[in-house]
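The following report reads one protein model from its sheet outwards to a few selected residues. Please keep the sequence and the structure in view while reading.

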Amino acid sequence: MTYEQYEDRVRLQKQSGEQRINRYSPYCDLIYYPSSIQPELSLAMRILKPQRPSRICVTTHGWHMSIPSFTYMDTPHHEGDYLMVEVDMRGRAFSDGEPDCNGWELLDVIDAVNYVRKHYADCIIDPEIIYFEGGSGGGGNAYAIIGKFPDFFAAATAMCGITDYTVWYEQDEIGEFRDELDVWIGFPPHTNPIAYQSRSGLALIGNVLTPLFIAHGETDVRVPVEHARMYMEKAKELGLSERVRYMELEGVGTREHWGNSTEKQMQLMRERSEYNRNKHQVPIEIPSSGVFTVAGYLITKEFSVILDSLDKVAIVTYDLKQNEFKVTGEQLEGYTIVRHEPNR
């Protein structure tokens, strides 16, 4: 993958209304699509088409970034083995709305994939096998999205990602991320710690059914390696060592995530990420009964639970055969449960 897009650089200037038109070329399109939760919003993605029908790999950009601009391409992209879907998070250069740090912006990713399944069917060999890869802010998305959509992705990669936003807030000595966290979540963590928990992949690790490959630089400054280590410690406690694999890049990381890395280290990381995808080419199915953590919302192929606020966390105990659901949580004022029909 092109890891440059995961560095935390200032995003592109906001695009005006007249610039917001679909753009097409043989191997690269820029497409606008509606939000399923807020249909008035126009969201954007860049689609890199493969030379031949392939599986879908979706990605999100770094914290301060947006997707790259449209580029006319008459030859396939470097990752030609995949139909690449690069989602512009809400509120960034190309998309409407306001960023909400792993809130509805993650559903925007699912909406993008569903649009691609319908409109790019000729480029896809198996619409049920979806991969996710992200780094930095996108790595934080990776940890959370496989917890909020536990049966959507066949495999995922999280690189230099945030697993606990409260910890990250406290680690941000110069305030380059705190300013946005205060706005995107709505307050600092000490005033509402549950709201930060609801955004954090670490709180959702018990939901993880997607095989996950993690990579993190040992000396990363902007997202310290503690995030990956905390996640792996919890994964070990929960018996997920076979499902969650970790590569720590020794001596790697400055104020750029891959600072001081060698080509050998980067190549090995790419190979392990690709191995995780190649090894897992079947759809995920949730158990017929069980327990999931609901962080604002939980959406599976079988059912959805939407809490009354993105800032709350609850537990759902379910039995699909009995069609029974029980949702419990502190300060929970309401929720919606939807049972999905087969062949949806």
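In which helix does Asn276 lie? Asn276 lies in helix H7, where helices (H or I, at least four residues) and strands (E, at least two) are DSSP runs, numbered from the N terminus. The model is predicted, and for that reason local features need pLDDT of at least 70 and side-chain atom pairs count only at pLDDT 80 or more, whereas totals for chains, interfaces and linings use all residues. Residues are numbered from 1 along each chain as its sequence is written, and side-chain values use heavy atoms, with hydrogens and water left out.

## The sheet and its helices

Eight strands make up an open sheet of mixed pairing, in the order S1-S2-S4-S3-S5-S6-S7-S8; two strands pair if DSSP finds at least two bridges between them. S1 and strand S8 (244–249) are the edge strands, each pairing on one side only. On average, neighbouring strands of this sheet are turned by 20° against each other, direction ignored; axes are lines fitted to C-alpha atoms, for helices over the stretch in contact, and angles run from 0 to 180 degrees between N-to-C directions. S6 and S7 pair in the parallel sense over four bridges, and Ala158 stands opposite Ile214 in S7.

Helix H2 (residues 137–148) packs on the sheet and touches S3, strand S5 (130–135), S6 and S7, its direction making about 140° with that of S5; contact here means heavy atoms within 4.5 Å. Helix H7 (residues 263–279) also packs on the sheet, touching S4, S5, S6, S7 and S8, and its direction makes about 175° with that of S8.

Within H7, Asn276 has a relative accessibility of 9% and therefore counts as buried, where buried means under 20% relative accessible area, exposed over 50% and partly exposed in between (1.4 Å probe, protein chains only). Leaving aside residues up to four places away in sequence, Asn276 touches Ala155, Ala156, Pro211, Leu212 and Phe213. A polar atom of the Asn276 side chain lies 3.2 Å from the backbone oxygen of Pro211. Asn276 and Met266, ten residues apart in sequence, are 16 Å apart in space, C-alpha to C-alpha.

## Buried residues in loops

Asp220 lies in the loop between strand S7 (212–217) and helix H6 (226–237). Asp220 is buried yet has no salt bridge, and the nearest side chain of opposite charge, Arg222, is 7.0 Å away; for charge, Lys and Arg count as positive and Asp and Glu as negative, while His and the chain ends are not counted. The side chain of Asp220 does make a polar contact with the side chain of His257, at 2.7 Å. A polar contact is a pair of N or O atoms within 3.5 Å; within protein, one must be able to donate a hydrogen and the other to accept it, and residues adjacent in sequence count only if both atoms are side-chain atoms. Not counting residues up to four places away in sequence, the residues that Asp220 touches include Cys160 and His257.

Cys160 itself lies in the loop between strand S6 (155–159) and helix H3 (165–171), and its phi is near 45°, a positive value in a residue other than glycine. Most residues other than glycine have a negative phi. Asn102, in the loop between strand S4 (82–88) and helix H1 (105–119), has a positive phi of about 65° although it is not a glycine. Cys160 counts as buried because its relative accessibility is 0%, and Asn102 counts as buried because its relative accessibility is 0%.

## Salt bridges

A salt bridge is a side-chain nitrogen of Lys or Arg within 4 Å of a carboxyl oxygen of Asp or Glu, and by this rule the count comes to 16. Some of them are listed here.

| Pair | Closest N to O distance |
|---|---|
| Lys49 and Asp29 | 3.0 Å |
| Glu237 and Lys234 | 3.6 Å |
| Arg339 and Glu302 | 3.9 Å |

Arg339, in strand S14 (residues 335–339), and Glu302, in the loop between strand S10 (297–299) and strand S11 (303–307), are 37 residues apart, and the pair links distant parts of the chain. Arg339 counts as partly exposed, at 33% relative accessibility. Glu133, Glu274 and Arg277 are joined into one network by salt bridges that share partners.

Glu237 and Lys234 both lie in helix H6, three residues apart, about one turn of the helix. Glu237 is exposed, with a relative accessible area of 55%, whereas Lys234 counts as partly exposed at 34%. In the remaining pair of the table, Lys49 is buried, with a relative accessible area of 12%, and Asp29 is buried, with a relative accessible area of 1%.
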